[in-house]
Structures are given as structure tokens and as C-alpha cells.
Amino acid sequence: MRNMRRKTGIEILMISVLILAGGQPLWASSALSQPVRVGYGWSVENDVGEAVAEAVSMMNEMMTGTPPDWVTLFSTIGYDGEEVLEEMTNLLGDEVKIYGGTSCLGVMTNDGLHIGEVGSLAILGVTSPRIQFGVSGVSIEEVVSAREQGKKAILEAISDAGRTAEDPPQIILITGNPSEEEEVLKGIEEIIGKDVPVIGGSSADNEIIGEWKQYANDRVYSTGVALTVIYTDLKLGWSYEMGYLRTANQGVATKSEGRTIYEIDSRPAAVVYNEWIEGKLDDVLETGGDVLSRTTVYPLAKIVHGETGENYYISIHPLSIELPEKSLTVFADVLEGTELSLFYGNWELLLNRAYTTPMQARARGNISVEEAGFAIFTFCAGTMLAIPEGERPKIPLLVKNIMGETPFIGTFTFGEQGFLPGVGNVHGNLASSMVVLAEE
Amino acid sequence: MRSCKGVGLFGKFLFFTIVTIVLVIVITTGIAIKQQGTSLTSSLIQRNISLASVVSSQIEAGYISQRWPFETLKKISENEAVLYWWIVEPSGQVHLASSPDIWGKTITNSAVVTRELLVKDDLLPETSEKIKVIVNPLKIEGEGTPWTFWLGLSLRPIAAAKKRIILTNVEIGLLAIAVGVFLSFLLARSITRPVKSLVNGTKAIAKGDIGHQISITTKDELGELASSFNAMSADLKRSHEALARQAQELARSNVELEQFAYVASHDLQEPLRMVGSFVQLLARRYQGKLDSDADEFIAYAVDGATRMQKLINDLLSYSRVTTHGKDFEAIDSAAVLDRALRSLQAAVEESDAVVTYNPMPTVMADSLQLEQLFQNLLNNAIKFRSDEPPRVHVSAERIENSKICIPHSEIETGWVFSVRDSGIGIDPEYADRIFVIFQRLHTREEYPGTGIGLALCKKIVERHGGRIWVESQPGKGATFYFIMPMKEDKEL
């Protein structure tokens with residue numbers, strides 16, 4: 001299965017959005033022969049200090065004492081973000097660049113799915129003379145708009161890497177506040193153009209109550225965006241997919257504003273959507289309210305067109321039905337005139353994404369298991385919650401099936417960002433993504 | 001079956017019913033478990049081979065479409081018989097598994113490289129539980145050999161099915177026992193009720209309710225038995241009534257006879273006394289004055305009159321036993337014996353007889369009749385003596401403590417008297433005959449007498465509710481025994 005090269009047909013199960021990485025000139029460096037040192041750690045200890053210490057200890061052991069240049073940190077809201085970062089800084093020092101955010105319910109590593117009684121966290125540290133990391137964090141309060149937030153964040157991240165905007169990174173990792181992600185992406189693209197993939201997901205809490213956090217170096221944000229820019233000559237792979245099956249139900253958002261769709265084909269959006277899913281929301285249609293858990297397997301998708309005319313489908317997750325308009329709120333911006341299509345899936349399809357997403361990433365970077373150095377995995381929290389609880393431990397195991405012993409950590413997010421060739425970076429829901437770097 | 005002797009019909013029916021049911025249940029359960037066990041194991045394997053085949057097809061399709069059939073695999077995992085499923089690479093590495101613990105591990109088993117479906121026995125590592133494993137090669141080639149799909153099957157559902165069979169059969173058995181108990185009760189009652197009626201009927205008849213009828217209306221053998229019983233009872237009643245009438249008639253006749261005998265002997269006394277007196281007068285006055293024939297004739301007449309008078313006296317005494325008997329009272333039998341001996345003093349002295357006796361008890365009796373009894377027995381002992389002077393010994397002992405063999409007697413309390421002599425003895429052949437009136441074993445010339453004495457003794461003893469018998473051998477003396485019963489077991 002590792003050598004699986006066959007792509008699925010259009011008619012078959014998955015709709016994968018695969019984008020070839022924009023090739024960037026490899027670094028010509030004297031450090032070519034020096035290895036990438038990677039370590040990961042995790043903990044579900046109830047005490048934050050003990051948890052961080054355990055995870056850091058595990059990571060350091062794997063890195064054989066070499067301090068990391070950059071650490072990705074995913075934790076759940078059971079741990080206080082400030083304390084987590086403080087402990088991290090205490091243990092790793094001020095020089096290490098920390099990037100990350102909160103995850104829904106648990107985190108993932110090679111060792112499995114980690115869900116603690118109080119909280120859980122996972123870290124992945126990397127140091128390599130062939131990789132330069134730049135980390136930044138910007139709160140929405142610091143700027144006038146989300147777009148400015150994106151601009152400021154990318155500029156600071158590039159600067160942190162010791163580069164300039166004219167020298168864009170090979171890839172950007174993003175962890176943001178689940179709000180206005182599209183604007184943040186636009187801000188980033190205004191600085192570096194549309195060719196650099198921005199891959200990541202929006203930070204999450206456990207119950208969508210706004211307790212999510214973003215980590216950037218020594219700061220914790222709740223309405224911020226955290227970025228990592230990566231400059232490297234190593235092979236790089238990434239993937240961004242929303243594996244659902246398309247249905248024949250299709251319409252146009254004739255009235256919408258931000259993340260609310262009022263009308264589809266000039267009829268109340270919730271009524272149309274309910275018809276498309278054969279009345280499964282009849283009860284909520286009359287009362288209004290949350291439909292998140294019931295729509296995970298029936299996402300809408302925005303149809304976007306690439307430069308060469310190909311269609312891409314960006315899944316969006318219906319959140320609630322609002323009365324009296326019977327409008328539909330979603331987790332992504334929908335502009336008026338956007339073509340919408342109904343997709344469907346099941347938990348099996350969603351679980352398989354833990355297998356196919358890493359596979360696509362490796363394929364995209366032409367990275368063999370042996371070459372893979374480390375990976376960052378993003379999996380939609382709604383997708384995870386749609387999978388039966390007893391099956392969820394299979395998510396990291398499936399990743400491991402593709403990645404072998406390659407160190408990776410994973411997070412469950414409230415919205416995923418990725419790259420569509422010919423379109424640029426987009427924000428969608430119910431998606432998964434992976435970034436993988438080779439060792440050599 | 002000795003232990004069943006004291007058990008009632010219901011208990012016996014119950015015992016056999018329960019034993020039968022238990023045996024049937026045990027046997028049928030054993031057979032069912034054996035058959036079901038084999039059948040279920042075969043069915044389990046066949047069913048899961050089919051399942052493995054279907055799932056394998058889905059896995060093969062999933063391999064191509066990059067979509068593993070997790071829904072199907074989850075459903076398989078939910079099957080209580082399925083302990084695990086593995087998708088194993090040719091290297092032995094577990095690619096996918098139902099349990100995260102085994103995921104990615106390498107197994108060393110020759111079945112890893114099988115190209116044919118295998119069903120093998122195995123042990124579950126954690127518990128050493130016996131399991132069945134189905135290994136199905138997948139159409140996914142790698143390293144020259146196919147991948148395999150493994151299905152670990154628990155035999156617990158079969159054990160559970162066997163347990164259910166046992167429980168069901170036990171439940172059926174308990175129900176059958178309950179029904180059996182109830183039916184046994186009904187059956188036993190249907191039998192014991194008429195039997196009890198029959199028992200009560202026989203008891204009623206035994207207590208004198210001759211002709212007692214029982215009411216059993218069943219048409220079975222018991223009904224026939226009851227009908228026979230009723231017919232028998234009716235016959236018995238008729239016979240009993242006829243017998244009673246005969247007894248009554250006999251008693252009346254007997255009374256009349258006794259009355260007749262008494263009246264006849266009493267009324268005959270006077271004319272006989274007159275005849276005797278005048279014959280004796282004739283003999284005194286005309287002795288030697290007539291010819292010798294006349295003397296001889298007169299002598300015959302005197303002798304005849306005397307003997308007749310004696311006969312009539314004895315007969316009168318015999319009849320008076322019942323007609324003139326006195327009420328019984330506590331009397332000292334030793335005193336009575338003394339009186340009897342005094343009346344026989346002349347005979348004792350004449351024969352040089354030696355009469356001894358042990359301490360005598362006090363008994364309830366008619367003293368005159370008891371004296372008459374002793375007198376007759378002692379007189380016989382002296383009269384029927386041998387050449388030697390007679391030795392007579394009288395004794396008495398309690399029946400309860402006696403070692404004397406008492407023939408055919410239901411008397412349980414009282415005194416056994418014995419009068420033992422050293423006389424000529426009696427042939428046992430005549431032991432009963434001697435007590436019959438007028439029966440004699442010897443001629444009058446050998447031993448005088450009327451033949452009434454022992455009959456009189458018998459009548460006296462029987463009037464007292466006792467019985468009399470003799471034990472003797474010719475030439476070895478005789479011992480007469482008689483019982484004087486004790487009324488209400490009174491210690492006198």
C-alpha cells in the first residue's frame with residue numbers, strides 16, 4: 001500500500017484536491033550533509049507542568065540532546081495556554097521558535113491518539129541547518145482587519161526567518177482564529193503572491209465556545225493567527241483534501257453575507273439544503289438551532305475554478321439554521337453568486353482520509369517513507385467527531401501506515417486552509433492536510 | 001428398592017417421574033450439545049469464511065480505491081464471535097487491525113504467506129483461549145506473495161449456545177418435573193383414594209361393620225376391585241347374618257339342651273333315689289332268702305341304680321357349671337387346692353400318694369368350680385396311677401413369664417396351672433378325646449368312672465375364659481395344664 005500509485009477515478013469515492021508544490025530553489029548550503037534532527041513528545045498528565053516536561057523530555061531524548069530550532073505545539077484547552085507556553089519556554093529557552101494552537105479533544109503523534117482526562121499536548125521539534133523557520137503571531141486587536149492581520153503576520157514571520165518578502169518561503173504553516181480565515185489568507189497572498197501554499201487549520205476548543213488559542217513564540221493568542229514560514233532545500237510534500245462524494249444537488253448562493261447563506265436559488269438556504277438531504281433537518285427547520293453534528297456527512301461545497309478551467313470543491317460545514325429567514329450559517333465565507341453543491345460521505349470515507357492525505361503529501365513531494373523527516377497533520381475536528389469513538393484511534397495509525405516511523409504530530413481543527421493550483425490558498429471545512437519534509 | 005418400602009405411592013411416582021425426567025433431560029441435553037456443538041462450530045466457520053471472502057473483496061477494492069472498508073470491518077468487530085481482524089502484509093507486518101495494539105506489529109506465522117484459505121486452531125495470547133483463525137489470501141501482491149486477511153473467531157458463542165441449551169433443557173426439565181409432580185400427585189391420589197377407601201372398608205369390616213360398602217365409581221381396575229370388594233362384603237354380610245342366626249339357634253338349642261340335661265338329671269334323681277332305696281331295701285331284706293339268681297339280680301339292680309345315681313349326679317354337676325355358676329371373685333387358689341386335697345384325703349392315704357405344690361396365686365374364679373377342677377384332676381392323677389404310689393405336683397406360673405408351650409391360645413395374661421402326675425400316662429393320640437363327655441379310654445372294670453370328669457374340667461375352665469390341655473406319653477405320667485385368665489391384666 002505504501003507504493004500505491006493509482007489515483008482514484010473522478011467517479012470513485014474521493015474528491016481529492018491535490019496541488020503540486022511550487023518548486024522553490026533548493027538551498028545551496030554547506031550544511032547539506034548535516035541531518036535533520038527531529039523529535040516529538042506528548043503527554044496527557046493532568047498537571048500542565050508535568051505534561052510539558054514529559055513531552056519535552058521525550059522530544060529531547062529523540063533529538064539526542066540537540067536543542068530544536070523550531071517546535072510545533074498542539075494542545076487541548078484542558079491546559080492553560082499561558083502556562084503551557086511558559087513551561088515550554090522555561091524548558092526550551094527563549095531562542096526556540098514555538099508555533100501551534102489548540103486542538104479539539106486530543107492530539108496525535110506516532111504513538112497514537114492522545115486524549116487526557118484534563119488535557120493533552122504534543123510537540124514536534126526540528127533542527128536542521130537546511131531549514132530556516134520564521135514564526136510570527138498577530139492578534140486581530142493589533143490591526144484593523146483580518147487581511148491586515150495576515151499581512152502583518154507573514155511579514156513578521158519572513159522577517160523572523162531572516163528573509164524579505166521578495167524571498168518567499170517554500171511553504172507556510174498556519175494556525176488561526178476560526179474567523180475570517182479567508183481574509184487572513186488574502187492578506188498573506190498580498191505579500192507573497194498566490195503560489196506559496198499556506199497549509200494548516202484553525203485552532204479549536206472542545207465545544208465551539210471560543211476558548212481556542214494560538215501559539216507563536218512566547219505569546220498566546222485567542223483571536224490571533226500564528227504562522228511558520230519554512231525555507232528549505234529539502235524535499236517538501238503537502239496535501240489538502242476534502243474527500244466527499246458529490247451529489248447532483250447544486251445551486252447558487254443568491255443571497256449571502258460573510259458566513260451566512262440566506263438564499264440558494266432565491267429560496268431560503270436552509271429549506272433548500274434540507275430538501276437536498278431529504279428532510280433530515282425537518283425538526284430544526286421549524287425551531288432553528290445547531291446542526292453541526294448532523295451535517296458533517298452532508299457538507300456543502302463551494303465550486304471554484306482553476307486557471308485552466310478545472311473545478312475544485314471547497315467543502316463548507318453547515319453550522320446552524322437561523323430563523324426567521326431560515327438561513328444557513330457555515331464555517332467559511334460564501335460570496336453571493338458562489339456555486340454550491342451538496343456532497344455526502346460517511347465516517348468510513350472520512351477515516352480513510354487519514355490514509356490518503358499523508359499518501360498524497362508524500363506523493364506530492366516524491367518523498368519515500370525512508371526519506372521523510374517529519375510531518376504535520378491537520379484533521380478536521382468535525383470529521384473526527386463524525387467517526388465512531390472506537391474507531392478514532394485508527395486515525396494516527398493510518399497516518400503511521402503511510403508515514404512509517406516518520407515523526408509526526410496532528411491536530412483537530414475548526415476549519416482547514418490549503419492550496420488549490422490556479423486558485424490560490426483557500427479556507428474550507430471538513431478537510432485534512434499534511435505537510436511533510438524529507439530528511440535529505 | 002428396599003428404601004421404597006416405606007414410601008407412599010405419591011413418593012414412588014414422584015421418584016420415578018423425576019428420575020425419568022432427569023435422565024431424559026441429561027441424555028437429550030448431552031446429545032443436543034454434541035450435535036449443536038459440531039453444527040455450530042461448522043456453521044461459525046462457514047459463515048465467517050463467507051464473511052472473510054466478502055470482506056476480502058472489499059479490502060481488495062479498497063486497496064485500489066484507497067478506501068479501506070472500515071464500516072464493514074467495524075461491523076465485523078461488533079460480531080461477538082470475531083475477536084480480531086488483521087490485514088497482514090507478506091512480510092508479516094500487520095497493516096491494519098481491529099486493535100491498535102497489534103497495528104504495525106510483525107507476526108511470525110507460516111500462514112502469512114499462504115495462497116489458500118486456511119482455517120486453523122490457535123490460542124488467544126492474552127488468555128490462552130482456544131480460537132479459530134481464518135486466513136484468507138488477498139489479491140494484493142507484494143514481495144511475491146499475497147497479503148492476507150485474518151479473522152480470529154471466538155468459540156465463546158458456541159459455549160454460550162451450549163450453555164443456553166443446558167439452561168433451556170434445565171428449564172424444560174424443571175417445568176416437566178413440576179408437571180410431573182402435579183400429575184404424580186393426581187395419579188397417586190386417583191389410586192390412593194380408592195385404595196384408602198378399600199383399606200377403610202376392610203378396617204370397617206374388621207371392626208364389625210360387616211357389609212360395609214365403598215363408593216368407588218372409576219371404570220378401571222380399582223373400580224373392579226371395589227366392585228369385587230363390595231360384592232364380597234355383601235356376601236360376607238349375608239354369610240355373617242346366616243351364621244349369626246345359626247349361632248343364635250345353636251345357643252338357644254344348647255341352652256335348651258343344658259336346661260334339659262339339668263332338668264332331666266334333677267328330675268330323674270327323685271325316682272332314681274326311690275328305685276335305688278327300694279332296691280337296696282330289697283337287697284337288705286331278702287339277701288339269702290330268695291334263690292341265688294334273685295340275689296344276683298337284685299345285686300345287679302342295686303349296682304345299676306348306684307351307677308345311674310352317680311351318672312346323674314355327675315351330669316347334674318356338668319350342667320350346673322353354666323346354669324348354677326357363681327360370680328368370679330378373687331380367691332386364694334392354694335386354699336382351694338387344700339380343700340380339694342382334704343376331700344381326697346381317703347384316696348390319697350389309700351394310694352400312698354404324695355401331693356406337692358408350689359405357692360399358688362390368687363385368681364379371679366368361682367371357688368367351688370375351681371375346687372371341683374382341682375379335685376377332678378387330682379383324683380384322676382391318683383386313680384390312673386401306675387404300680388408305684390402316685391406323686392402329684394401342682395404348680396402355677398404367669399403366662400408372661402412361662403416357658404410352657406401354650407397351644408393355640410390368644411390369652412396373653414393370666415396363670416398357667418399344671419397338675420403333673422406319675423401315672424400311666426395317655427397316648428397323645430387321645431389328648432383331645434379325653435375331654436369329651438362320656439369318652440373313656442379304659443373299661444369301667446379297669447378304672448371306675450362316668451366319663452364326665454375331664455369334660456367337666458374343660459367346661460369349668462372354659463367358663464373362666466381359659467383353656468385346658470394335656471401333655472403325656474403312655475407310661476410316663478401326664479401333666480394337665482389349664483389357664484385361668486386375668487381380666488384386664490389385673491395383678492391379683
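A residue counts as exposed here if 12 or fewer other C-beta atoms lie within 10 Å of its own, and as buried if there are 20 or more. With that cut-off in hand, a good place to begin in this predicted model is A:Glu117. This residue has 9 other C-beta atoms within 10 Å and is therefore exposed. A:Glu117 belongs to the loop that links strand S5 (112-114) to S6 of chain A. A residue distant in sequence lies across from A:Glu117: the C-alpha atom of A:Asn46, 71 residues away along the chain, is 6.8 Å from that of A:Glu117.

The strand that follows this loop leads into a sheet. Chain A contains an open sheet of six strands, with the order S1-S6-S2-S3-S10-S11 and mixed pairing. Strands S1 (37-43) and S11 (219-221) of chain A each have a single partner strand, so they stand at the edges and one side of each has no neighbour in the sheet. On average, and with direction ignored, neighbouring strands of this sheet are turned by 15° against each other. At the S11 edge, strand S10 (residues 214-216) of chain A runs antiparallel to S11(A), and three bridges join the two. Within this pairing, A:Gln214 has A:Tyr221 of S11(A) as its bridge partner. Towards the other edge, helix H1 (residues 48-62) of chain A lies across S1 and strand S6 (121-127) of chain A. The direction of this helix is at about 155° to that of S1(A).

Two further loops of chain A deserve a look for their backbone geometry. In the loop between strand S20 (318-322) and strand S21 (327-330) of chain A sits A:Pro324, and the peptide bond that leads to A:Pro324 from A:Leu323 is cis, with omega near 5°. The loop between S20 and S21 of chain A also holds A:Lys326, a residue other than glycine whose phi is nevertheless positive, near 60°. Is A:Lys326 buried or exposed? A:Lys326 has 20 C-beta neighbours inside 10 Å and therefore counts as buried.

A positive phi, of about 50°, is also found at A:Asn366, again not a glycine. A:Asn366 lies in the loop that runs between H8 and strand S23 (372-380) of chain A. Here the surroundings can be read from the neighbour count: A:Asn366 has 12 C-beta neighbours inside 10 Å, so it counts as exposed.

The helix that precedes this loop brings the description to the interface between the chains. The contact draws 22 residues from chain A and 14 residues from chain B. On the side of chain A that touches chain B, the elements giving two or more residues are helix H8 (347-365) and helix H10 (394-403) of chain A. H8(A) supplies the largest share of that side, with seven residues. Sorted by class, the side of chain A that touches chain B consists of twelve nonpolar, six polar and four charged residues.

These two interface helices also pack against each other. Two packed helices are described by the angle between their axes and the distance between the axes. The axes of H8(A) and H10(A) come within 8 Å and cross at roughly 30°. Because angles under 35 degrees count as roughly parallel, H8(A) is roughly parallel to H10(A). The crossing of H8(A) and H10(A) is right-handed. On the H8(A) side the contact is made by A:Leu351, A:Ala354, A:Tyr355, A:Pro358, A:Met359 and A:Arg362. On the H10(A) side it is made by A:Lys394, A:Ile395, A:Leu398, A:Val399, A:Asn401, A:Ile402 and A:Met403. The residues in this contact of H8(A) with H10(A) comprise ten nonpolar, one polar and two charged.

Turning to chain B, the secondary structure consists of nine helices and twelve strands. Chain B has 492 residues, of which 28% count as buried. Of the contacts in chain B between residues at least 6 apart in sequence, 64% are between residues at least 24 apart. One helix pair in chain B is formed by helix H1 (residues 9-65) and helix H3 (residues 156-206), which pack at an angle of about 160° with their axes 8 Å apart. With that angle, H1(B) is roughly antiparallel to H3(B). The crossing of H1(B) and H3(B) is right-handed. By class, the contact of H1(B) with H3(B) involves 24 nonpolar, eleven polar and one charged residues.

Terms used
Residues numbered from 1 in each chain as written. Chains lettered and ligands numbered in written order. Predicted model: local features only at pLDDT ≥ 70, side-chain atom pairs only at ≥ 80, totals over all residues. Contact = placed C-beta atoms within 7 Å. Helix = DSSP H or I, 4+ residues; strand = E, 2+ residues; numbered from the N terminus. Nonpolar A, V, L, I, M, F, W, Y, C, P; charged D, E, K, R; others polar. Axes fitted to C-alpha atoms, helices over the stretch in contact; angles between N-to-C directions. Parallel < 35°, antiparallel > 145°, perpendicular 65-115°, else oblique. Left-handed = near helix turned anticlockwise from the far one by under 90°. Pairing = 2+ DSSP bridges.
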